[in-house]
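Hi everyone, thanks for coming. I have one structure to walk you through today, so let's put it up on the screen.

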Amino acid sequence: MIEVQGLARAFGQGSKKVQAVSRVDFSARPGRVFGLLGPNGAGKTTTLRVIATLLKPDAGTVTVAGHDVVTQADGVRSRLGFLTGDTQLYARLTARETLQYFGRLQGLQEQEIESRISELARLLEMEDFLERRVGKCSTGQKQKCSIARAVIHSPEVIVLDEPTSGLDVLSSRSVVEFIRRSSEEGRTVLFSTHILSEAENLCSDLAFVHKGSVVESGALEEIEERHGTRDLNRIFLDVVRDPS
Ligand SMILES: Nc1ncnc2c1ncn2[C@@H]1O[C@H](COP(=O)(O)OP(=O)(O)OP(=O)(O)O)[C@@H](O)[C@H]1O
Ligand SMILES: [Mg+2]
């Protein structure tokens, strides 16, 4: 479970200061898929990086499975798998070697690593390129490899920043199915996306972030009811429209 309360985070100082996140609150629960939506620059990636302990909050409290991201960062990291756009892979390793390497870093036994690789290769449809060097993999294949790498240790909480960006329909579908499956297994999944149709058919809960603040959140049906429409595009435009 992920709890975010009163989160704020700025970058830079003085006249160059950018308030990336000023007021973000939400909670993501096990067995439900939580979607973070919002326009470019809204503060989604910053929020996810704080949750993943890569950035410290200026204000607010964030806990992951009961562990505070500042004071119990190790506890958070061992329970969390994080995919970000700038995840780096080693071009010279094959997909399988990449997963073996990160499995060992996570302290898994060789046998566990192999069975986990088989499982993830099946779920994410990676069988065809497991023995290919990552440098020679396509964008979609690399993305699947990054996702598999992020969850090699079977974390109970999975946080994915735009997991399907740049993927074709087929690759997106296997990532979407992977997310659905993970949540059915009782994991907590939080992800950001610009693809509203994907959020609509995958998420039980949503938060819309605009200029660093959550401007709408709740269960999908609840939000649809509030706005009198099931069209997420319309709701999106509704909530990010400036009152001025
Ligand atoms: N490391 C950084 N240094 C300075 N400013 C930053 C940094 N990271 C983010 N920002 C700024 O913070 C704001 C929020 O950025 P963030 O990446 O969180 O947005 P986002 O919602 O993920 O956007 P997108 O949909 O384009 O990925 C932006 O104005 C961005 O320029
Ligand atoms: Mg982003």
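I'll go through the ligand shell, then some strands, then a helix, and finish with a few backbone angles. Please keep in mind that this is a predicted model.

Let's start with the ligand. Which residues are around ligand 1? They are F11, G12, V18, A20, G38, N40, G41, A42, G43, K44, T45 and T46. Two elements give two or more residues to this shell, namely β2 (18-28) and α1 (44-51). The biggest contribution comes from α1, with three residues. If you sort the shell around ligand 1 by character, you get four nonpolar residues, seven polar and one charged.

Now, on to the strands, and β7 in particular. Is β7 mostly covered or mostly open? Strand β7 covers residues 157-161, and five of its five residues are buried. V157, V159 and D161 point one way, while I158 and L160 point the other way, and all are buried. As for its partners, strand β6 (residues 80-83) runs parallel to β7, and four bridges join the two. If you want a spot to click on, G81 has I158 of β7 as its bridge partner. Strand β8 (residues 188-192) also pairs with β7 in the parallel sense, over five bridges. There, V159 is matched with L190 in β8.

For an antiparallel case, scroll along to β9 and β10. Strand β9 (residues 205-210) and strand β10 (residues 213-219) run antiparallel and are joined by six bridges. H210 stands opposite S213 in β10. The hairpin has two residues between the strands, and K211 takes a positive phi near 50° there.

Next is the helix I'd like you to rotate on your own screens, α4. Helix α4 takes in residues 110-123, which is 14 residues, and reaches 20 Å from its first C-alpha to its last, close to the 20 Å expected at 1.5 Å a residue. Its buried residues are I113, R116, I117 and L120. Why do these line one face of the helix? Looking down the axis of α4, the buried residues fall within an arc of 105°, so they line one face. The general background is that an α-helix has 3.6 residues a turn, so residues three or four places apart point the same way. The buried residues of α4 pack against α3 (95-105) and α5 (139-150). Turn the helix around, and the face away from the buried side carries the exposed residues Q111, S115, E119 and R122. Following α4 comes E125, with a positive phi near 50°.

That brings me to two more backbone angles. T53 is not a glycine, yet its phi is positive, near 70°. You'll find T53 in the loop between α1 and β4 (59-64). Is T53 buried or exposed? The cut-off for buried is 20 or more other C-beta atoms within 10 Å. T53 has 21 of them within 10 Å, so T53 is buried.

The other one is E162, also not a glycine, with a positive phi of about 45°. E162 sits in the loop between β7 and α6 (169-184). With 20 C-beta neighbours inside 10 Å, E162 counts as buried too.

That's my tour, and I'm happy to go back to any part of it. Thanks for listening!

Terms used. Residues are numbered from 1 along each chain as its sequence is written. Chains are lettered from A and ligands numbered from 1 in the order in which they are written. This is a predicted model: local features need pLDDT of at least 70, side-chain atom pairs count only at pLDDT 80 or more; totals for chains, interfaces and linings use all residues. The expected span of a helix is 1.5 Å times one less than its number of residues. A residue is buried if 20 or more other C-beta atoms lie within 10 Å of its own, exposed if 12 or fewer, and partly exposed in between; C-beta atoms are placed from the backbone. The arc is that of the directions from the helix axis to the C-beta atoms. Two residues are in contact if their C-beta atoms, placed from the backbone, lie within 7 Å. A residue is near a molecule or strand if its C-beta atom, placed from the backbone, lies within 6 Å of it. Ala, Val, Leu, Ile, Met, Phe, Trp, Tyr, Cys and Pro count as nonpolar, Asp, Glu, Lys and Arg as charged, and the others, Gly among them, as polar. Two strands pair if DSSP finds at least two bridges between them.
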